[in-house]
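Thank you all for coming; I would like to walk through one structure with you this morning, going slowly and taking it region by region. Please have the sequence and the model open while I talk.

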Amino acid sequence: MKKWAYLLSGVVIGALVATSGSALAAQVKSLVGQKVTGEYKVIVNGKELQEKGAVINGKTNAPVRVLSESIGADLKVSGKTITITTQSEMTLETENKSSSNENQYIGSSKENLEELKYSIENRRLKPAIDGRKEILAEIEILKTSGMNGGPAPGLAAKEKQLKEYDDIIAKDTEELRLVEEALAAIK
């Protein structure tokens, strides 16, 4: 009797797995494996491209890389996302940045700016300042424990860490200034 119960449960589980896989596959719409029903010449600014466009499932598809290169656009592929940026769009972005005094935060919401300010102050600047204080204390100990007036072992590494902390603090302080400037522009 137990053997029949195991057999029956195995069949039920197998049926569930088999049907759920095909149901999931039906939800995914992809052009992979689809039939090409036609081809088109692609002409950009009077010049015919070497690559052809294809008709798949009644929709015309163009070769994106060749098309973007022919119009002088920048193409980036990240995972399964293709991003195309034209020169005029890049110029517009540059003009917008320079017109806002290079402050990327102007135009952000007050809530986002306040959250960012808190994050910079408490999660980045404060730990960096605390770390810098610890490194300074270690440097002082190494300087006083130096052998025969020569540099103590590890002093150069600690001074390098100190410089890294100084760089982080300077970068975060400047970013905090920009965030505060954007906040002031809102008020």
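**Salt bridges, helices and a sheet**

Let me begin inside helix α5, where lysine 163 and aspartate 167 are 4 residues apart, so that about one helical turn separates them. These two residues form a salt bridge, and the closest N and O atoms are 3.2 Å apart. Aspartate 167 has a relative accessibility of 42%, and it therefore counts as partly exposed. Before I go further, I should say that what you are looking at is a predicted model, and that the distances I quote are computed from it.

Now to α5 as a whole. The helix has 32 residues and reaches 47 Å from its first C-alpha to its last, which is close to the 46 Å expected at 1.5 Å a residue. Which residues of α5 are buried? They are Leu155, Leu162, Ile169, Asp172, Glu175, Leu176, Leu178, Val179, Ala182 and Leu183, and these buried residues pack against α4.

That packing brings me to the nonpolar cores. The largest of them has 11 residues, namely Tyr105, Leu113, Ile120, Leu125, Ala128, Ile169, Leu176, Leu178, Val179, Ala182 and Leu183. Both α4, which spans 110-144, and α5, which spans 155-186, supply at least two residues each to this core, and α5 gives the most, with 6 residues. There is also a second, separate core of 6 residues, which includes Leu142, Ala152, Leu155 and Leu162. To look at one member of the largest core in detail, leucine 183 touches Lys110, Leu113, Glu114 and Lys117, if we leave out residues up to four places away in sequence.

Let me return to charged pairs, since the structure holds 10 salt bridges. In one of them, aspartate 166 is joined to arginine 132, with the closest N and O atoms 2.4 Å apart. Because aspartate 166 lies in helix α5 and arginine 132 in helix α4, this pair ties together parts that are 34 residues apart in sequence. Are the two partners buried or partly exposed? Aspartate 166, at 30% relative accessibility, counts as partly exposed, and arginine 132, at 27%, counts as partly exposed as well.

Another such pair is lysine 158 and glutamate 138, whose side chains meet in a salt bridge at 2.6 Å, N to O. Here too the pair links distant parts of the chain, with lysine 158 in helix α5 and glutamate 138 in helix α4, 20 residues apart. Lysine 158 has a relative accessible area of 22% and is partly exposed, while glutamate 138, with a relative accessible area of 30%, is partly exposed too. Beyond these pairs, Arg124, Lys171, Asp172 and Glu175 are linked in a network of salt bridges, and I would point out that Asp172 and Glu175 also appear among the buried residues of α5.

Finally, let me turn to the strands. An open sheet of 3 strands has the order β1-β4-β5, and the pairing is antiparallel. The edge strands are β1, at 36-40, and β5, at 59-61, and each of them pairs on one side only. From one strand to the next, the twist averages 30 degrees. How many bridges join β4 to β5? There are 3 bridges between strand β4, residues 53-56, and β5, and the two strands run antiparallel. Within this part of the sheet, valine 55 of the chain stands opposite threonine 60 in β5.

Terms used
Residues numbered from 1 in each chain as written. Predicted model: local features only at pLDDT ≥ 70, side-chain atom pairs only at ≥ 80, totals over all residues. Heavy atoms only, no water. Pairing = 2+ DSSP bridges. Axes fitted to C-alpha atoms, helices over the stretch in contact; angles between N-to-C directions. Core = buried A, V, L, I, M, F, W, Y, C linked by side-chain atoms within 4.5 Å. Buried < 20%, exposed > 50% of the residue type's maximum accessible area, 1.4 Å probe, protein only. Contact = heavy atoms within 4.5 Å. Salt bridge = Lys/Arg side-chain N within 4 Å of Asp/Glu carboxyl O. Expected span 1.5 Å × (residues − 1).
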